[in-house]
Amino acid sequence: DPTAYFRLAPALDQSTVIDTVSIEDAHRHNDLRLFDLFQQTKVIIGVVSIANSRVESTEEITARLIDVLKHIDASRLLVAPDCGLGYLPRDILIQKLRNMVTAAKHVA
């Protein structure tokens, strides 16, 4: 359900016990307005998909991060793969992670 994050975000952001949330974004990009809802909470954003073996380019990941950073402060954004990356073949996994790290460094 694409609206689930929107329904949960305000409560998560106001929580006194949750300081970081993880949002899968690679498989299906979220509406960028979602990131505006997190004013206090850190967000771990999934930027590489585990649903397929296509390796996202550094440019694709960088472009997404640049878009997201228009909606959340860089000090509260952490970059990660979508959950479950370990199910991919090792060579694909390594390239996805390399591209992810390169993109993150590029926007830092």
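Which residue in β3 is the bridge partner of Gly46? The tour below leads to that pair by way of the sheet, then turns to the largest pocket and to a pair of helices. The model is predicted.

**The sheet**

Begin by selecting the three strands, which form an open sheet in the order β1-β2-β3 with parallel pairing. Strand β1 covers residues 20–24 and strand β3 covers 77–80; both stand at the edges with a single partner strand each, so one side of each is left without a neighbour in the sheet. Viewed with direction ignored, neighbouring strands of this sheet are turned by 25 degrees against each other on average.

**From β1 to β2**

Select β1 together with β2, which comprises residues 42–46. These two strands pair in the parallel sense over five bridges. To locate one of the pairs, display Ser22, whose bridge partner in β2 is Ile44.

**From β2 to β3**

Keep Ile44 displayed and add Leu78, its bridge partner in β3. Ile44 thus has a bridge partner in β1, namely Ser22, and another in β3, namely Leu78. Strands β2 and β3 run parallel and are joined by four bridges. Now select Gly46 and Ala80: the residue in β3 that is the bridge partner of Gly46 is Ala80.

**The largest pocket**

Gly46 also leads to the next stop, as one of the residues that line the largest pocket. About 170 Å³ of space lies in this pocket. For the complete lining, select Asp25, Ala26, His29, Gly46, Val47, Ser49, Asn52, Arg54, Glu56, Glu60, Ile61 and Arg64. Colouring the selection by residue class will show three nonpolar, four polar and five charged residues. Which helix gives the most to this lining? It is α3, residues 58–68, with three residues.

**The helix pair**

Leave the pocket by way of α3 and add helix α4, residues 90–107. The axes of α3 and α4 come within 8 Å and cross at roughly 45 degrees. The two helices are therefore oblique to each other. What is the handedness of the crossing of α3 and α4? The crossing is right-handed.

**A closing view**

Finally, show the sheet and α3 together. Gly46 belongs to the strand β2, residues 42–46, and lines the largest pocket, while α3 gives the most to the lining of that pocket.

Conventions. Residues are numbered from 1 along each chain as its sequence is written. This is a predicted model: local features need pLDDT of at least 70, side-chain atom pairs count only at pLDDT 80 or more; totals for chains, interfaces and linings use all residues. Side-chain values use heavy atoms; hydrogens and water are left out. Two strands pair if DSSP finds at least two bridges between them. Axes are lines fitted to C-alpha atoms, for helices over the stretch in contact, and angles run from 0 to 180 degrees between N-to-C directions. On a 1 Å grid over the protein atoms alone, a cavity is a set of points where a 1.4 Å probe fits but cannot get out, and a pocket is an open set with protein on both sides within 12 Å along at least five of seven lines; lining residues have an atom within 4 Å of a point. Grid points are joined across faces, edges and corners, and a volume is the space filled by probe spheres set on the points. Ala, Val, Leu, Ile, Met, Phe, Trp, Tyr, Cys and Pro count as nonpolar, Asp, Glu, Lys and Arg as charged, and the others, Gly among them, as polar. Angles under 35 degrees count as roughly parallel, over 145 as roughly antiparallel, 65 to 115 as roughly perpendicular and the rest as oblique. A crossing is left-handed if the near helix is turned anticlockwise from the far one by less than a right angle, and right-handed if clockwise.
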